[in-house]
Amino acid sequence: METLEFKTNTKTFSINHDLSRTVSLCPTDCDFIKRLAAAYEKLESLQDQLRKEPSNSVLDAFNKADAEIRSQIDYAFGAPVSEIVFGNLPTWAASDGFPIWMNFLLAVFDTCNAEYTAQGNAGNPEIGQLLAKYVNQKRGLFK
């Protein structure tokens, strides 16, 4: 059988240099970027709700939120990647003052922005503006 070969710009990334943990994405896929932004907004809202939890129940609330965080990330990627990305770590665990789910999504936004810029902004100013909103942005877990 013959094959058709063409560039798709789909890239595979290892998670923290662990070659046994990889995810694939097309960093210039406008629909993917929109889903990523929608997931980020939902998770940020969830995080804001969790901050308001009474201190004696906040850990229980974070544990319950873990499933929703994973679900939103899987939705954004259109595949069950959260298990690959986080494994047994709680997605709300802090690293450098931020939840690891946020560190992961912002790293993906940075990657999409770099590729989108390298491709000449792919002719969609709406996506360029959306990426600019998230690139190099971090918000503290315990604001």
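Of the 143 residues in this protein, buried residues make up 39%, and the model from which that value is computed is a predicted one. The accessible surface of the protein comes to about 8,500 Å², and 52% of that area belongs to carbon and sulfur atoms. Along its principal axes, the C-alpha trace spans about 60 × 35 × 25 Å. The chain forms five helices and four strands, and from the N terminus on these elements follow one another in the order β-β-α-α-α-β-β-α-α. Among contacts with a separation of 6 or more, 60% are accounted for by residues 24 or more positions apart.

A walk along the chain can start with the two strands at the head of that order. Strand S1 covers residues 11–15, and five bridges join S1 to strand S2, residues 18–25, with the two strands running antiparallel. At the end of S1, isoleucine 15 has aspartate 18 of S2 as its bridge partner. The hairpin that S1 and S2 make has two residues between the strands, and in this hairpin asparagine 16 takes a positive phi near 50°.

Helix H1 spans residues 30–51, and glutamate 41 has its place there. Glutamate 41 counts as partly exposed because its relative accessibility is 32%, a value between the 20% below which a residue is called buried and the 50% above which a residue is called exposed. Leaving aside neighbours within four places in sequence, glutamate 41 is in contact with Lys133 and Tyr134. Arginine 21, by contrast, lies 20 residues from glutamate 41 in sequence and 26 Å away in space, taken from C-alpha to C-alpha.

Helix H2, residues 58–77, deserves a slower reading. H2 has 20 residues and reaches 28 Å from its first C-alpha to its last, which is close to the 28 Å expected at 1.5 Å a residue, and yet there is a kink of about 30° in H2, centred on alanine 65. Ala61, Phe62, Ala65, Asp66, Ile69, Arg70, Gln72, Ile73, Asp74, Ala76 and Phe77 are buried in this helix. An α-helix has 3.6 residues a turn, so residues three or four places apart point the same way. The buried residues of H2 pack against S2, H1, H3 and H4. Glutamine 72 gives one view of this packing: this residue of H2 is buried because its relative accessible area is 9%, and, apart from neighbours within four places in sequence, glutamine 72 is in contact with Ala39, Lys42 and Leu43. H2 is followed by glycine 78, whose phi is positive, near 70°.

The charged side chains of H2 lead on to the salt bridges, of which the model has four. Side chains of opposite charge can pair when their charged atoms come close. Within H2, aspartate 66 forms a salt bridge with arginine 70, and the closest N and O atoms of the two are 2.8 Å apart. Because aspartate 66 and arginine 70 are four residues apart in the helix, about one helical turn separates them. Both aspartate 66 and arginine 70 are buried, arginine 70 with a relative accessibility of 13%.

Arginine 70 also forms a salt bridge with glutamate 83, where the closest N and O atoms are 3.9 Å apart. Glutamate 83 lies in helix H3, residues 82–86, whereas arginine 70 is in H2, so this pair ties together parts that are 13 residues apart in sequence. Glutamate 83 is partly exposed, its relative accessible area being 48%. Taken together, Asp66, Arg70 and Glu83 are linked in a network of salt bridges.

Another salt bridge leads back to the strand where the walk began, since the side chains of glutamate 115 and lysine 11 meet at 3.6 Å, N to O. This pair links distant parts of the chain, with glutamate 115 in helix H4, residues 100–118, and lysine 11 in S1, 104 residues apart. The two partners fall into separate accessibility classes: glutamate 115 counts as buried because its relative accessibility is 16%, under the 20% limit, while lysine 11, with a relative accessible area of 30%, is partly exposed.

Methods:
Residues numbered from 1 in each chain as written. Predicted model: local features only at pLDDT ≥ 70, side-chain atom pairs only at ≥ 80, totals over all residues. Heavy atoms only, no water. Buried < 20%, exposed > 50% of the residue type's maximum accessible area, 1.4 Å probe, protein only. Pairing = 2+ DSSP bridges. Contact = heavy atoms within 4.5 Å. Expected span 1.5 Å × (residues − 1). Bend = angle between axes of the 7 residues up to and from the residue. Areas by Shrake-Rupley, 256 points an atom, 1.4 Å probe, with all protein chains shown as cover.
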